[in-house]
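The exercises below are worked from the sequence and the 3D structure. Try each task before reading its solution.

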Amino acid sequence: MLKRLGAVLCAVLLLAGAALIPSTDRRVVYLSYSLLALTAFGLTLADGTTMGFAFVILALPQLGWTETLFIAGAALFILAVVRRTRPTPKELMHALGVTTIAVLATQAAFHATRLAPLPVPLRLMIAAAVCFLPYNLRGWKKLRLWSFPYYPAAAAVASLFPVSVVLAPLLVLTWRSYRLSGWHLEQQCERSRSAAALHQRTIETLALAIEARDQPLSGRSRRVQIYSVAIARELQLPENEVEALRTASLLYDIGELAIPEHITLKAGRLTHEEFEKVKTHADVGAAILERAAFPYPVVPMVRAHHERWDGSGYPAGLRGEEIPLGARILAAVDTLDSLASERQHRAALSLDQAVERVVAAAGQAFDPRVTSLIARNYRTWEKRVARQPDRTFIDSIFSAQREAKILLELNHVLGATLEPEEMFVAVRHAALQLTAFDALVVWVEHDGTLRPVHVTGDHVALFSSVHIPLGSGVSGSAAARAETVSNGDPMLDLGWLGSASHLCPFHDALAAPLCARGMRGALSLYRAGEKSFSPEDARVATSIAAQFALPLANGFRFQHLNAAALSDPLTGLPNSTALATRLADLEPSTTVVVCDLDGFKDVNDRFGHLTGNKVLIGLAEGFRKSCRERDFVARMGGDEFVLILPQLRPEDIGARLAQFRALVRVLGREICGEPVLDASFGAAYYPRDGATPDELLACADRRMYFRKAEQKSGVLEMQPRVKGA
């Protein structure tokens with residue numbers, strides 16, 4: 001209803017205006033221009049403006065400023081009411097204001113006294129130029145010069161055609177041409193903006209790839225770019241240098257693509273040769289970027305970003321003002337960001353500490369003007385850094401780089417040792433960096449049962465006595481099927497404790513198989529909290545177990561072979577080789593005892609060598625049980641044994657040797673059924689009786705033969721002695 005009422009009122013205004021014109025001819029002109037105004041102001045351009053300027057110019061030969069204003073205002077009001085998308089009052093008042101200024105300025109120029117002698121077409125051209133300014137002047141940088149030709153065109157139409165029905169079609173044609181030109185220009189601008197945006201995104205993507213390769217420990221923020229551009233603005237650098245710095249701040253380390261990763265990721269100090277290799281990245285980066293042919297000076301900034309204010313930098317040794325200002329800015333900001341970020345060989349400094357370090361190097365490494373600006377503004381700029389959108393996608397890159405580095409280090413450790421204990425430490429360290437757990441257990445199968453060979457974390461004692469049948473529980477299933485089992489019930493593993501299983505403190509279990517060279521087992525992780533293991537945790541555990549299995553199998557095999565090389569194959573006691581190693585590392589107050597069996601040849605002759613072997617095996621077991629944990633028993637060969645007894649007083653040796661002799665005699669009766677076996681012992685004391693293994697064995701051997709002679713051939717009781725033996 002309001003819309004219709006507005007239309008009626010505007011029509012009444014137009015008719016009333018026409019009625020006030022005394023001449024019928026003038027009324028026709030008035031009505032014709034009213035229709036022209038409605039057409040012109042109704043034709044909308046791409047930027048939201050209208051063809052109203054054409055009406056203002058076309059009305060110059062026939063209408064005065066009052067009539068032009070009245071018709072233009074009425075047309076704007078009518079269109080504001082009848083259009084579906086109505087302008088706001090503010091927008092309508094702005095359109096009226098611009099139109100009023102254009103009408104007054106154009107009428108004043110066309111009817112100016114000084115221009116009266118000029119021909120009408122020329123005056124129309126001048127007035128059209130004047131009309132261009134109110135409609136297009138929105139600051140000199142936004143002046144739409146491309147639309148200027150349409151204003152003289154409107155003036156030409158006004159001079160060639162009187163008011164008639166021809167004007168409206170000509171106006172529509174002009175509008176259509178205007179729209180097409182504007183659309184093509186907008187398309188070109190959009191393509192230019194898209195190309196620029198693509199260019200910038202390409203640069204940022206390349207920079208992220210370099211960053212991810214260079215710093216897998218933590219993602220570098222956009223601090224370098226934000227600080228650099230802000231400093232450039234403060235120093236009032238030309239716009240092309242600001243844009244160059246914006247790009248250079250992303251790509252200044254692109255030359256590190258030519259540096260081997262073992263150097264860029266080295267945790268320790270670089271050697272002279274390695275540092276010389278690193279220094280080439282500035283020239284390499286500049287050479288790479290030269291091929292991009294940037295329209296602003298990116299290359300000089302990248303080449304010189306490691307030059308120092310005092311001339312001690314590289315690659316050219318520039319000093320002071322010789323260094324491009326953009327490079328000086330990059331040098332200071334890059335150092336600040338490096339100090340404030342975690343690196344392979346050190347932790348990150350706080351931002352305040354990093355700024356102090358940079359400011360302290362002013363006049364030596366960095367331009368004092370740049371460091372002064374950083375010191376004054378870094379807190380403000382840091383807020384801009386914090387407002388940068390999260391780049392969660394880049395976390396995946398950093399996570400992958402970090403995992404690769406950890407697994408590579410684990411592989412190096414596992415490949416450099418055959419000691420299982422060293423492997424366990426390395427695996428635990430790697431697992432702790434890549435996932436969370438409360439306990440880690442390495443299970444290895446022995447005789448169809450999984451047994452813990454390494455336990456770390458919480459509740460270690462709980463696992464020490466657990467034996468899991470192969471194929472049972474979480475870990476047994478993983479070992480039997482050679483498949484990772486995730487989020488299993490820990491009770492299935494600890495349930496083999498029996499009545500103590502109700503004490504299970506864990507919520508979830510994750511077991512990855514350890515299968516290599518006939519070894520079967522599992523690397524199991526246990527969690528006590530409510531958080532379950534994720535598929536990513538399972539993948540990580542499987543990767544660690546895959547690297548760990550073969551080295552562990554080789555380590556156990558090495559231990560077995562090493563033990564076999566140092567063991568007597570019959571009795572399992574250490575052999576002469578192991579004895580020599582043990583004798584080379586004696587502590588003071590150690591007794592070395594040599595034992596030789598008496599009557600052993602008769603045992604072999606009368607009862608057979610199998611019985612003789614049974615005697616030797618039984619004697620070895622008896623010695624093991626009779627000795628203390630720190631004592632050492634070895635078989636030298638044949639029927640000779642050596643015992644090393646640390647911290648035994650000379651006055652106590654007699655009782656011990658009597659005990660050993662009784663053991664031999666009892667064993668002989670049990671196996672052979674008659675007292676056919678005895679033993680002779682000789683003891684030497686370190687360091688009293690000898691300083692070397694040979695001296696000690698020779699002394700003990702002499703005393704043993706002395707005892708053998710004393711005992712003759714009968715079975716006599718040894719009398720304990722306090723001194724000598």
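**Exercise 1.** Is Asp447 buried or exposed?

*Solution.* Begin with the ground rules. The model is predicted, local features need pLDDT of at least 70, side-chain atom pairs count only at pLDDT 80 or more, and totals for chains, interfaces and linings use all residues. Residues are numbered from 1 along each chain as its sequence is written, and side-chain values use heavy atoms, with hydrogens and water left out.

Step 1. Apply the cut-offs: buried is under 20% relative accessible area, exposed is over 50%, and partly exposed is in between, with a 1.4 Å probe and protein chains only.
Step 2. The relative accessible area of Asp447 is 75%, so Asp447 is exposed.
Step 3. Check the backbone: phi of Asp447 is near 55°, a positive value in a residue other than glycine.

**Exercise 2.** Place Asp447 among the strands around it.

*Solution.* Step 1. Strands (E, at least two residues) and helices (H or I, at least four) are DSSP runs, numbered from the N terminus. Asp447 sits in the loop between β1 (439–446) and β2 (449–457).
Step 2. Two strands pair if DSSP finds at least two bridges between them. β1 and β2 run antiparallel and are joined by 8 bridges.
Step 3. The two strands form a hairpin with 2 residues between them. His446 has Thr449 in β2 as its bridge partner.
Step 4. β2 also runs antiparallel to β3 (residues 468–469), with 2 bridges; here Thr449 stands opposite Pro469.

**Exercise 3.** Describe Ser589 in the same terms, from phi to accessibility.

*Solution.* Step 1. Ser589 is not a glycine, yet its phi is positive, at about 65°.
Step 2. The residue lies in the loop between α24 (576–583) and β7 (590–598).
Step 3. With a relative accessibility of 42%, Ser589 counts as partly exposed.

**Exercise 4.** Which conformation, cis or trans, has the peptide bond from Tyr314 to Pro315, and which has that from Tyr686 to Pro687?

*Solution.* Step 1. The bond from Tyr314 to Pro315 is cis, with omega near 10°. Pro315 belongs to the loop between α14 (298–303) and α15 (325–339).
Step 2. The bond from Tyr686 to Pro687 is cis, with omega near 5°. Pro687 is in the loop between β10 (678–686) and α28 (693–711).

**Exercise 5.** Work out how α5 packs on α6.

*Solution.* Step 1. Axes are lines fitted to C-alpha atoms, for helices over the stretch in contact, and angles run from 0 to 180 degrees between N-to-C directions. For α5 (residues 89–110) and α6 (residues 120–136) the angle is about 155° and the axes are 8 Å apart.
Step 2. That makes α5 roughly antiparallel to α6. The classes are roughly parallel under 35 degrees, roughly antiparallel over 145, roughly perpendicular from 65 to 115, and oblique for the rest.
Step 3. Contact means heavy atoms within 4.5 Å. Among the residues that meet are Val98, Ile101 and Phe110 in α5, and Leu124, Val130 and Tyr135 in α6.
Step 4. By class, this contact of α5 with α6 has 13 nonpolar, 2 polar and 1 charged residues. Nonpolar covers Ala, Val, Leu, Ile, Met, Phe, Trp, Tyr, Cys and Pro; charged covers Asp, Glu, Lys and Arg; the others, Gly among them, are polar.

**Exercise 6.** Repeat the analysis for α9 and α17.

*Solution.* Step 1. α9 (residues 223–234) and α17 (residues 368–386) pack at about 125°, their axes 10 Å apart.
Step 2. The two helices are therefore oblique to each other.
Step 3. The contact of α9 with α17 has 10 nonpolar, no polar and 4 charged residues.
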